[in-house]
Amino acid sequence: MAIRTSQQGRDRIPAPVAGDDAPAPIDIRAGAPFLLTRAQLTVAARRLASITALVCIDLGGLVLGLYAALVARELYYGRTPVLWGVLWRIETDWLPFLTLVTVLVFSQARLYEERERRPGFARVLSSLLLVALITLAFAIGTGHRFSTYGLAPTAVLLCAVTIAGLRASYEFVTGEVLRLLGARRYALLAGAGENVAHLHGALGSGRSGIDYQFVGAVAPSPEGVSLPVLGAVSDLPAILARERVDELIITDSDFGERELLEIVDQAHRRGVQVRIAPKATELLTARAEFVPGQGIPLFELRPPAFVGLDWVVKRAFDLVVSGLVLVAGLPLWLGIAVAVKVSSRGPVLYRDRRVGLGEQEFGMLKFRTMYADAAGQQAELEASNEADGPLFKMREDPRVTSVGAVLRRLSLDEIPQLWNVLRGEMSLVGPRPLPLRDFERLEQWHRKRYLVLPGVTGLWQISGRSNLDFDDLVRLDFYYLENWSIWLDISILLKTVPAVLSGRGAY
C-alpha cells in the first residue's frame, strides 16, 4: 500500500477499464496513509511487542550465559567464592557495552525479523562470536588485562545455548497461543495441474506455528488440481474481492511474463502478499528474498511502496533537508526570481500539471524558463521531438528564454519543487513526475512507478537524464522502488550535484 497525502482539489487520471460498465479496480495503495490505519497500527504493535520480547530474551540469555561462564571458570580453578554476588559485579562492569553490541549485531543478523524469517541456532552462535570479537578488540584497545583467555569461548557457547533455548521456548509458547486464538493464514495458489498439487502437498498445513487454510486455486482448468479451482487468471480481481486471502503463492513456470506481472499487480492492489515457488534454474540466477517454507522454497515479492517505518524515515528526511535548502539558499532563490521577472513577460513561477502518486494530478512548481505563450506552441513542435517513447524533449527549444536556458543547464529551475516536497506532493528522491501529455502515452507496465511519491531528483538525473531511452528510464525507476533505503536517497542526492554541473543530458 502506498502513502499519499490529501488529494483535495486534484483530479484523478481515469484508468482504462475493460468495458463501459466495468467497475474501477480497487487499489488499497491509493488510500489513506497506511501508517495511520488501524490495521497498520495493530501490525506495528505486534511487531514491537515481538521485538521487545526477543530483546529481553536475548539479554536475559546473555546475562545467564555470562554468569554461568564465570561460575564455570571459578569451579575449573578450584575456587568457590563465599559471596557469589562478587561474580555478578564483575559481569555488570561489561554488561552495558555487551548489551548494546549484542542488540546491534543481532539486529544486523536479522534475528528480530518476522516469525517465519528468523534464523535459528547457527545464526545466534555466529552473531555471538562477532560480539565476542568486537568486545575483545575493544578491551585490548582500552588496555584491559585478561586473567584468562578461556572465558570468551566458554561464554559464547553458554550464551548461545541459553539464548537458543529461551528463543525456542518463546517460539513454542507463542505458537501454541496463536493456535488457541485461531490464527491462520489464508492462502490462494496459482498454477496449473500437477504443479499446484505438488505445491499444495509440499507446503503442508502450516508454517512457523501458523496454520494454513487454502481457499482454493487459480488455474486454467481443474484437471490435476487438488484444490477447488476458483477461476482463471482473468478472474483474479473478482476472486480476491470475494475471498479472504492473505497470501498468493505462485508456481511461476505455468505463467508467461505478462501474466505473472498482472497477477502480482492485482494481488498488491488488495494488499495480498505474493510468494513464488521458482524453478530450480531460477534459484541459480535470481536474487530474491528467501522465505523458509515447509518442503519447498518460497520467495516473497514485496509491493514497491513505502509504508510504515520506511515512510516515516523518508518523509522526515524530506522535510528536514528541503527546509534547510530553502532557508539556506534564500538569497540565491530571490536573485533567480528577479532575473526571471526582468528577462521576459510572465510570472516568476510556473505551475505545471504533472501526474504523481496514485496517478493523481498536482501542480509542480518551477521557475519559469519559457516565454508566456509556450504552451500554445507545443502542437507545432511535436514533429521536432528528439526523445523516444512518450517524452517530449528538444535540445534547442525556441520557447526557452536566455535566463531559462541557464536555469535548465544547472537545474536551478527545479528548486521551487522543494515546496511541493514540504506539501507532501513530492519527495526529494523518486521517479520523476511526467506532464499530462507524456502520461497519456504510457504503456500499462510503466504505471508501476506511480505507487510512490514522485521525486525532485532520482536515478534518471544521475544516469544520463534525457540521453537515455524511456524504457531504460522506467527500469531505473523500478530498480529504485525495489532497492530503496535512506542511504540510497543520500547517495542519489550527493551524485545529483556533479551530474547537474556536468550538464550531461540537460535540455
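In this predicted model, three strands make up an open sheet in the order β10-β9-β12, and their pairing is antiparallel. The edge positions are taken by β10 (361-367) and β12 (434-435); each has a single partner strand, so one side of each is left without a neighbour in the sheet. Strand β9, residues 349-355, is joined to β12 by two bridges, and these two strands run antiparallel. Within this part of the sheet, Arg354 stands opposite Pro435 in β12.

A second site is the loop between α13 (417-422) and β11 (427-429), where Glu425 lies. Glu425 has a relative accessible area of 6%, and because buried means under 20%, this residue counts as buried. The side chain of Glu425 takes part in polar contacts with two side chains. One contact, of 2.7 Å, joins Glu425 to Asn420. Another, of 3.0 Å, joins Glu425 to Arg423.

The surface offers a third site. Here a nonpolar patch is formed by Phe172, Val173, Val177 and Leu181, which together have about 430 Å² of accessible area. Phe172 belongs to helix α4, which covers residues 151-180. The relative accessibility of Phe172 is 55%, and because exposed means over 50%, Phe172 counts as exposed. Glu425, in the loop between α13 and β11, is by contrast buried, while Phe172 in α4 is an exposed member of a nonpolar surface patch.

Conventions:
Residues are numbered from 1 along each chain as its sequence is written. This is a predicted model: local features need pLDDT of at least 70, side-chain atom pairs count only at pLDDT 80 or more; totals for chains, interfaces and linings use all residues. Side-chain values use heavy atoms; hydrogens and water are left out. Patches are made of residues with over 30% relative accessible area and no salt bridge: like charges are joined within 9 Å, nonpolar side chains (Val, Leu, Ile, Met, Phe, Trp, Tyr) within 5 Å. Accessible areas come from the Shrake-Rupley method with a 1.4 Å probe; for residues, only the protein chains shown count as cover. A salt bridge is a side-chain nitrogen of Lys or Arg within 4 Å of a carboxyl oxygen of Asp or Glu. Helices (H or I, at least four residues) and strands (E, at least two) are DSSP runs, numbered from the N terminus. Buried means under 20% relative accessible area, exposed over 50%, partly exposed in between (1.4 Å probe, protein chains only). A polar contact is a pair of N or O atoms within 3.5 Å; within protein, one must be able to donate a hydrogen and the other to accept it, and residues adjacent in sequence count only if both atoms are side-chain atoms. Two strands pair if DSSP finds at least two bridges between them.
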